[in-house]
Amino acid sequence: MTDASENSGARGGVAVVIVAAGRGARAGQANGPKQYQNIGGRAVIAHTLEMFLAHPRTGQIVVAIHADDHELFRQAAGTQAQRVTAVIGGPTRQESVRLGLLALKDHAPRQVLIHDAVRPFVDAELIDRTIAAIGENEGALPALPVADTLKRESAAGVVAETVSRSGLHAAQTPQGFPYGPILAAHDKAYQLGRLDFTDDAAIAEWAHIPVKLVPGSPDNVKLTWARDIAMAHQRLSSERTHFPDIRTGNGYDVHAFEPGDHVTLCGVAIPHDKKLSGHSDADVGLHALTDALLATCGAGDIGTHFPPSDPQWKGAASRIFVEHAAKVVRERGGRIANADITLICEAPRVGPHREAMTAALSQMLGISADRISIKATTNEKLGFVGREEGIAAIATASVVFPGEVPE
């Protein structure tokens, strides 16, 4: 951590005060104050800091922490702790903000954002909107129109009246202000013993500083209760764990012709005056596809699982290899999205058999026909394919794995 004098003037832009000195009793303290509780693998405050540190328009950042929380803050912020100024906050949120603003006095920024550490889902667009609305003598308050019907309770605990929600808004942070006027307002309230303001917009209103409303964000929730912490953790964990991990594998194979009366391509026997030479049925298309599927989960290649030196695979139908590769993929959580095979040969003609090939692959892979593509091309009489000495195949497979986002 640094002190205010070390960080003064080190960064340009709009200064930020993050309030993190509260005890958060309503959220429970079994795991420490709520700003240090874990959501999505990191402390709440770490998520908050990350957004402001990454924003291109924010400058010096001051965090008001509790006197007992130096080590908690250091651990939560990690390497980010060296990029902010930590000051000891006060017994109330209002006093913590004032002390945070005072820490910026030597730097004297033109504008400042004041944000609650326990709003970790603030986004760059909301920060932009708030900064854009700050005037020379005007603050900015992100807020959402109140959607619920409001009731006023009587002393007897029953509904006394329904309150019109017209024009009512729920306030959020960050709240933005010209630095000089908001510091002066906080100082004046402190000197007069006015310690009952619940947010900085209320102090600005009291000090006759106009505050402009800007659209808030439904995601920018304040974590107040233990269930809020649990829901935030579930949200971040879900986003990370279930983010689609889409992988593509490629396969290539070639087999030479030898005397025979048919070739097997993509599981279909096609009459021909030659056959393909190989240890199995030499289905070049399925061999390429097997390699493509195995490649999506780093499971080796066809030779790893079915060595040509093993006599049990002599003459075997290559659909065995494809079905095995599909099983390997599924056992690792993968879902086959599509398969694309290109057969390269001068003969036989593939077109008349494409529908049968697609049906065979659909059964092997357990996917619909519209996720399968089988194409054929010649080699324009060039090379061994052009001389009709053999057939080559290229295959591509796309598989969706529900894994974590790669670091």
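**Exercise 1. A buried acid**

Determine how far the nearest side chain of opposite charge is from Asp291, a residue that is buried yet has no salt bridge.

Solution. The model is a predicted one. Step 1: the nearest side chain of opposite charge belongs to Arg332, and the separation is 13 Å. Step 2: a salt bridge requires a side-chain nitrogen of Lys or Arg within 4 Å of a carboxyl oxygen, so a separation of this kind fails the cut-off. Step 3: Asp291 sits in helix H9, which covers residues 284–295. Step 4: with neighbours within four places in sequence left aside, the contacts of Asp291 are Asn250, Gly251, Tyr252, Asp301 and Ile302.

**Exercise 2. Cis peptide bonds**

Locate the peptide bonds that lead into Pro174 and Pro348, and state whether each is cis or trans.

Solution. Step 1: most peptide bonds are trans. Step 2: the bond between Thr173 and Pro174 is cis, with omega about 10°. Pro174 belongs to the loop between strand S10 (169–171) and strand S11 (175–178). Step 3: the bond from Ala347 to Pro348 is also cis, and its omega is near 5°. Pro348 is placed in the loop between strand S17 (335–344) and helix H12 (354–365).

**Exercise 3. Phi and burial**

For Cys266 and Glu388, give the sign of phi, then classify each residue as buried, partly exposed or exposed.

Solution. Step 1: most residues other than glycine have a negative phi. Step 2: Cys266 has a positive phi, near 50°, and lies in the loop between strand S14 (262–265) and strand S15 (268–271). Its relative accessible area is 0%, so Cys266 is buried. Step 3: Glu388 has a positive phi as well, about 55°. Its loop runs between helix H13 (383–386) and strand S19 (390–401). The relative accessible area of Glu388 is 29%, which means that this residue is partly exposed.

**Exercise 4. The chain as a whole**

Compare the radius of gyration of the protein chain with that of a compact globule of 407 residues, then describe the fold in overall terms.

Solution. Step 1: the globule would have a radius of gyration near 22 Å, whereas the protein chain has 33 Å. Step 2: the C-alpha trace spans about 105 × 55 × 40 Å along its principal axes. Step 3: the chain contains 13 helices and 19 strands, and 47% of its residues are buried. Step 4: of the contacts between residues at least 6 apart in sequence, 73% join residues at least 24 apart. Step 5: the exposed area is about 19,600 Å², of which carbon and sulfur atoms supply 52%.

Methods:
Residues are numbered from 1 along each chain as its sequence is written. This is a predicted model: local features need pLDDT of at least 70, side-chain atom pairs count only at pLDDT 80 or more; totals for chains, interfaces and linings use all residues. Side-chain values use heavy atoms; hydrogens and water are left out. Helices (H or I, at least four residues) and strands (E, at least two) are DSSP runs, numbered from the N terminus. The radius of gyration is taken over C-alpha atoms; the globule rule is 2.2 Å times the number of residues to the power 0.38. Buried means under 20% relative accessible area, exposed over 50%, partly exposed in between (1.4 Å probe, protein chains only). Contact means heavy atoms within 4.5 Å. Accessible areas come from the Shrake-Rupley method with a 1.4 Å probe; for residues, only the protein chains shown count as cover. Lys and Arg count as positive and Asp and Glu as negative; His and the chain ends are not counted.
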